[in-house]
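Grab a viewer and work through these exercises at your own pace. Each one sets a task and then walks through a solution.

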Amino acid sequence: MKELQHLNKYFYKYRVQIIIGILITIGSKLFTVFVPKFIGSIIDVVNNQLLQPEVDETIYRAELLKFILLLLGSAVLSGILTFWMRQTIINVSRYIEFDLKNEIYQQYQKLSLNFYKKNRTGDLMNRISEDVGKVRMYAGPAIMYSINTLTLFAVALVFMFRQAPMLTLYTIIPLPILSVIIYKISSEIHKRSTIVQQYLSKLSTFSQETFSGISVIKAYGIEPETSVNFDELSETSKDKQLSLVRIQALFFPMMILLIGLSNVLVIYIGGKQYMNGEISLGTISEFIMYVNLLTWPVATVGWVTSIVQEAEASQKRINEFLNTKPEIQNHNHQLSDIKGDIEFKNVYFTYDDTNIQALKNISFKVNSGETLAIIGKTGSGKSTILDLVGRLYDVDKGEIQIDNQPIESLNLYSLRDATGYVPQDAFLFSDTINKNIKFGKENATDDEVIEAAKLAQVHKNIIKFNNKYDTVLGERGITLSGGQKQRVSIARAIIKKPQIMLFDDCLSAVDTETEEKILNNLKTITEGKTTIIVSHRISSAKNADQIIVLDDGHIVQSGTHEELINIDGYYKELYLKTTK
Ligand SMILES: Nc1ncnc2c1ncn2[C@@H]1O[C@H](COP(=O)(O)OP(=O)(O)O)[C@@H](O)[C@H]1O
Ligand SMILES: [Mg+2]
């Protein structure tokens, strides 16, 4: 139960509702137990009338009416209170579920990029949906049924012992056995249903991948193989389902068998005691009803135990993420203006998941308003430099300074707010083009959106779509070409008008003519702003104030275009190749 202590703060938050819920539960069980009691009394009244017909009929009728009304009242009150019991306790568990989901989601947002590299998306999703769902079963049903069982037992046993102590003992003997059996069966059910769940998610992942990659599957003509794989998977899935159903089928027969046994015991022992004149007829019927009333709560003891175990395991997984400290911490809580001087001083950086040293002893300085171009082969470390400027990672050795201050000492949000980043592979949300561009600046006007799209040379493409800027992108909408995506992504950065602009090879899928136009537009936009352009083309780099050439994490050349085309090296080779 150590892990589940995390929920205590929520129990405290909803303590009033929980206490009310507990009181209502106790009340409802009290009235539930009254029902058999009054039925027993009615039977005794009728029986007495049969045995002693000489007693006045009006007294008999009044007695009967009294118990019938009491019975009715208890049944109605028990029903109403049971309704309110669920309304309070189960609702609290829903509130807790909601709070916990928000807590996890907020934590996810805080965690650094590295965390996402190490954990798979499916795993992240599971913790926020399935695991939270299991924890809710503990916070609601498990607690409700436990209180339920406890009060029912306490009240019923008092009634029963007062009435017939020996009979009570015989009646409750089979109950612990029932509880253990139900526990065994329900743990087995949980075990098997986890496996079934795993297979279901395998099946859906498989189908999803098939549908996303359908064009490749069709092009290679591998539909039959894909079908065979699917068949095998669903065959195993079916077997697992059947094995689950088999054990589930045992649940109710077992319960009914044990209830039956208890009933037989009550009738046999009770019958003998009645014949000896130790108890009344009403007591026997009352006890039969108690046995039936107590069976379900006893069965839930086993069930609740396995719910709590599952919740504990789920909460452990959730806590693992909740206790992860974001690697990138904001040390400065004062917002500040960023001018845009960027300096790298002997920076080293290693990705800890792959242990690849992506940057080795990198030093350069870009003054506010200047443009730096970074050229180099794939894998040379270009994107890594941009990630470090946005402080998506912290350096291992050396220092990055922004406006002559260590980057770690700046307010993280001011820094991110001051940077506009166009990633290498443009990511667009399944939303309208308008919204995708406005992502860079939430309160932008439609005119600003159009302006940005024009500068990014994508306006002409957009107005050709039927819905223009309201065209929905992604799965349910239109698929943009690689170059169009890149340009929408550029418009998103432009609209933000940030002080630092980072372009990561974002013109690679654009033809050279459009590239030229965009670069020309960028000149006016980036006036007075610090710009870093990563590219593998000379055309994007040649106008920069400064160019560095990276190879395997080292700076191998640096200078202006004019300087570099006159020195033998990678830049000159690339220049000659493209101008040939
Ligand atoms: N997220 C990452 N995790 C681990 N290794 C990475 C990651 N990103 C890049 N690398 C590695 O770091 C090196 C530099 O990558 P990168 O900066 O993306 O190069 P470029 O942008 O020049 O193609 C490469 O060897 C690459 O495999
Ligand atoms: Mg890259």
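**Exercise 1.** Find the polar contacts (N or O atom pairs within 3.5 Å) that T354, G379 and S383 make with ligand 1.

*Solution.* Start with T354: an N or O atom in its side chain sits 3.1 Å from a nitrogen atom of ligand 1. Next, go to G379, where a backbone N or O atom is 2.7 Å from an oxygen atom of the ligand. Finish with S383, which puts a side-chain N or O atom 2.7 Å from an oxygen atom of ligand 1. Now for the area: alone, ligand 1 exposes 550 Å², and the protein buries 76% of that (Shrake-Rupley, 1.4 Å probe). Before you go on, keep in mind that this is a predicted model, where local features need pLDDT of at least 70, side-chain atom pairs count only at pLDDT 80 or more, and totals for chains, interfaces and linings use all residues. Residues are numbered from 1 along each chain as its sequence is written, chains are lettered from A and ligands numbered from 1 in the order in which they are written, and side-chain values use heavy atoms, with hydrogens and water left out.

**Exercise 2.** Work out what the shell around ligand 1 is made of.

*Solution.* First, collect the residues with a heavy atom within 4 Å of the ligand. There are 15 of them, and K117, G379, K382, S383 and T384 come nearest. Second, sort the shell by type: four nonpolar, seven polar and four charged (Asp, Glu, Lys and Arg are charged; Ala, Val, Leu, Ile, Met, Phe, Trp, Tyr, Cys and Pro are nonpolar; the others, Gly among them, are polar). Third, ask which element gives the largest share: α11, with three residues. Helices here are DSSP runs of H or I with at least four residues, and strands are E runs of at least two, numbered from the N terminus.

**Exercise 3.** Map the largest nonpolar core and say which helix gives the largest share of it.

*Solution.* Take buried (under 20% relative accessible area) Ala, Val, Leu, Ile, Met, Phe, Trp, Tyr and Cys residues, and join them through side-chain atoms within 4.5 Å. The largest set has 35 residues, of which L7, I96, L100, I104 and Y138 touch the most other members. Helices α1, α2, α3, α5 and α10 each supply at least two residues, and α5 gives the largest share, ten. Zoom in on Y138: leaving out residues up to four places away in sequence, its contacts (heavy atoms within 4.5 Å) are M1, L4, L7, F11, I143, I307, V308 and A311. Apart from this core lies another one, of 32 residues, including V449, A453, A493 and C506.

**Exercise 4.** Is I547 buried or exposed, and how far is its C-alpha atom from that of F31?

*Solution.* Locate I547 in strand β9, residues 546–551. Its relative accessibility is 0%, so I547 counts as buried. Then take the C-alpha separation: I547 and F31 are 516 residues apart along the chain and 84 Å apart in space.

**Exercise 5.** Check phi and exposure for N346 and N404.

*Solution.* Recall that most residues other than glycine have a negative phi. N346, in strand β1, has a positive phi near 45°; with a relative accessible area of 42%, N346 is partly exposed (that class runs from 20% to 50%). N404, in the loop between β4 and β5, has a positive phi near 65°. At 51%, N404 counts as exposed (over 50%).

Technical notes: Polar contact = N/O pair within 3.5 Å; in protein donor to acceptor, adjacent residues only side chain to side chain. Buried < 20%, exposed > 50% of the residue type's maximum accessible area, 1.4 Å probe, protein only.
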